[in-house]
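Q: Please take a close look at a single part of this structure, beginning with the contacts of one residue. Then set that part against the rest of the model.

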2 protein chains.
Amino acid sequence: MEEYKDIVHQKKGKVDVTPIATFYRNEVKQCIEKDSLKLKIVAFLTTNDQGALDYSKWTKLACNKDGIEFELRKVERVDLEDLILEANKDDSVHGIMVYYPVFGGMLDGYLQDVVTPEKDIEGLSTRNRFNLYHNIRYLDDKQTKKCVIPCTPLAIVKIIENLGIYDKSLPLGEHLKGKVITVVNRSEIVGRPLSAMLANDGALVHSIDINGTILFQKGKREGTIKMSETDVPKEESIQKCDILILGVPSPNYKVNSDLVKEGTIVINFAGCLNVEEDIQSKCILVPTIGKVTISMLERNLLRLYSHSFTSTLYTQQPSK
Amino acid sequence: MEEYKDIVHQKKGKVDVTPIATFYRNEVKQCIEKDSLKLKIVAFLTTNDQGALDYSKWTKLACNKDGIEFELRKVERVDLEDLILEANKDDSVHGIMVYYPVFGGMLDGYLQDVVTPEKDIEGLSTRNRFNLYHNIRYLDDKQTKKCVIPCTPLAIVKIIENLGIYDKSLPLGEHLKGKVITVVNRSEIVGRPLSAMLANDGALVHSIDINGTILFQKGKREGTIKMSETDVPKEESIQKCDILILGVPSPNYKVNSDLVKEGTIVINFAGCLNVEEDIQSKCILVPTIGKVTISMLERNLLRLYSHSFTSTLYTQQPSK
């Protein structure tokens, strides 16, 4: 990953993550070509949401370019569960994704678990998340089926890694030692798994949601996470952090630039920008991460498929 | 269940469900005495919520009277996951329950799945709910470990059954044929499983939540459910139903009595009454169901435990 090491010397300005996405997509592409793999993703869409439609187009473009078939299936939400179950059984389908919200709320959480963990390229099933929190690397006792990590948090960790923030001179699990990271979002699909992953790498994470802040740190046992309550006000968590990660799905939520200290790395994964644009005059700003997320979707597809073939890419555990 | 058949002739008035609860608790008690069982429930509480405290007291009272040990553990929410995992492994614990909300939202949904399905007496795990929707009766392929059904929906079905609404002269699966039932609540822990169970018994269910109405009916294959969209206004769903089931957690939500037709059975499972009190002058009103829910909790405990012993109560599948 030598090509990105110079970004760490950049103390401010907007960062385009395209080269990071390209790096991981090329890895996947080479692997697919080398082994002549025929892999197919099926994506279910139940609405006419333009954002989801656009995202599905970009995903299809990327996948097709990298040798992966991508089929968008527009379906009625009341039929979705049955159709997911069919895709679970269909040997020609290797990865399944769903554009949420479908019904909204906990029913969507249920649907995330209808996707079999073996084709869950988004990494949203409870099984894959539970395993992430408990440092369990395989879906099965025989250790033939690897777990995946939710796409968006994985993309953010890869971006941080490629910005040169990880101190690789420290032992594994301490690469982010001494770093304070504030994550404004504690959803089960991004904010919480992300906070756990960053804590697992040694950071002190302030996890903020509408109800308050919870701290995430490394637990006593390897791979476990310790959560603790805190009274630190949200503003202070934003002021004192080295990395600020924003994911509030509202254009009205904007962090005041004055609050953020110079040189902070600001990563925005909300559909809208959660910080004032002028922040880039004193900070590194990653305004969007979608391209890297798509590359992680491809990577997860390969990882899940790897249980049935041997590839050079996956003879070793990926670093994350 | 001959003792309740006269309630069906009652066309109005408040119904006290205590005798129904007593019937099921006595079944459990006899079974525990007969086999000298030593069963223990552990209940986790992370707040000082008075409602939860009261409910835990009533549950403890009932359990102790029926020969079941009940231990309330007050814990910090940040420690809850680890403590559930310990209880999962503790052979002296046979049933685990948690008073929600803990964090609120999807994180609570995650915690519901941390409780092992084998001790999930509340029936809240995705596994137990998925199996309910797909008519899968056992947790394992060898069919030694029975699934349970979420307590509250199960209690409501038992109340309806004991009110004499089920037409047992019809074939199994059609006992509610021709009945229209409206359920105002589509949560994953009560409203949706309940709607599926009632549809599975032949009813046409109008499932209402804040976003609109979905119809639930029997699917083509045995044990499956068909959901479909509808434009029927909420008021009409409430007007035309034979049974109205209310579970809106707000004292401000009150169905206007004028809207409900004479002779409707109104069952309220919200903590507050979702209908005007005067409804009992023309309808059957079941204002609270908590006692039956507790009896179902005991019943589920026994059902989950039944895989390791043989009891007369469970040599046959319970009717639901």
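A: **Contacts of one residue**

Leaving out neighbours up to and including four places away in sequence, Leu246(B) is in contact (heavy atoms within 4.5 Å) with Val184(B), Tyr253(B), Val255(B), Val266(B), Ile267(B), Asn268(B), Phe269(B), Ala270(B), Asn274(B) and Val275(B). This is a predicted model, in which local features need pLDDT of at least 70 and side-chain atom pairs count only at pLDDT 80 or more, while totals for chains, interfaces and linings use all residues; side-chain values use heavy atoms, without hydrogens and water. Residues are numbered from 1 along each chain as its sequence is written, and chains are lettered from A and ligands numbered from 1 in the order in which they are written.

Leu246(B) has a relative accessible area of 0%, so it counts as buried (under 20%; exposed is over 50%, partly exposed in between, with a 1.4 Å probe and protein chains only). One of its contacts, Val275(B), is 29 residues away in sequence, with a C-alpha to C-alpha distance of 8.1 Å.

**The strands around it**

Leu246(B) belongs to strand β9 of chain B (strands are DSSP runs of E, at least two residues; helices are runs of H or I, at least four; both are numbered from the N terminus). Strand β9 (residues 243-246) of chain B runs parallel to β10(B), and four bridges join them (strands pair if DSSP finds at least two bridges between them). The bridge partner of Leu246(B) in β10(B) is Asn268(B), a residue also found among the contacts of Leu246(B). Strands of a sheet pair through backbone hydrogen bonds, either parallel or antiparallel.

On its way to the next strand, β10(B) makes three bridges with strand β11 (residues 284-286) of chain B, and these two run parallel as well. Here Ile265(B) has Ile284(B) in β11(B) as its bridge partner. In a regular strand the side chains alternate between the two faces of the sheet. In strand β10 (residues 265-268) of chain B, Ile265(B) and Ile267(B) point one way, Val266(B) and Asn268(B) point the other way, and all are buried.

**Strands and core in chain A**

In chain A, eight strands make up an open sheet with mixed pairing, in the order β1-β11-β10-β9-β5-β6-β7-β8. β1 (13-14) and β8 (225-229) of chain A are the edge strands, each with a single partner strand, so each has one side without a neighbour in the sheet. Strand β6 (residues 204-209) and strand β7 (residues 212-218) of chain A run antiparallel, joined by five bridges. Among the residues of these strands, Val205(A) has Phe216(A) in β7(A) as its bridge partner.

The largest nonpolar core (buried Ala, Val, Leu, Ile, Met, Phe, Trp, Tyr and Cys residues joined through side-chain atoms within 4.5 Å) has 60 residues. Ile160(A), Leu198(A), Ile245(A) and Ile267(A) have the most contacts inside it. Helix α6 (residues 151-162) of chain A gives this core its largest share, six residues. A second, separate core has 59 residues, including Tyr133(B), Val157(B), Ile159(B) and Met296(B). In soluble globular proteins, nonpolar side chains tend to be buried together.

Not counting residues up to four places away in sequence, Ile267(A) touches Ile156(A), Ile159(A), Ile160(A), Ile243(A), Leu244(A), Ile245(A), Leu246(A), Val286(A) and Ile289(A).

**Chain A and its contact with chain B**

Chain A has nine helices and eleven strands. Of its 320 residues, 56% count as buried. In chain A, 61% of the contacts with a separation of 6 or more are between residues 24 or more positions apart.

Between the chains, 27 residues of chain A are in contact with 27 residues of chain B. The buried area (accessible area, 1.4 Å probe, that two parts lose on being put together, summed over both) is about 2,400 Å², with 64% from carbon and sulfur atoms. On the side of chain A, Val78(A), Met106(A) and Tyr110(A) lose the most area to chain B, together 25% of what that side buries.

**Backbone exceptions**

Most residues other than glycine have a negative phi, and most peptide bonds are trans. In chain B, the peptide bond between Tyr100(B) and Pro101(B) is cis, with omega about 0 degrees. Pro101(B) sits in the loop between β4 (95-98) and α4 (106-114) of chain B. Gln143(B), which is not glycine, has a positive phi, near 60 degrees. Gln143(B) lies in the loop between α5 (126-133) and α6 (151-162) of chain B, and at 52% relative accessibility it counts as exposed.
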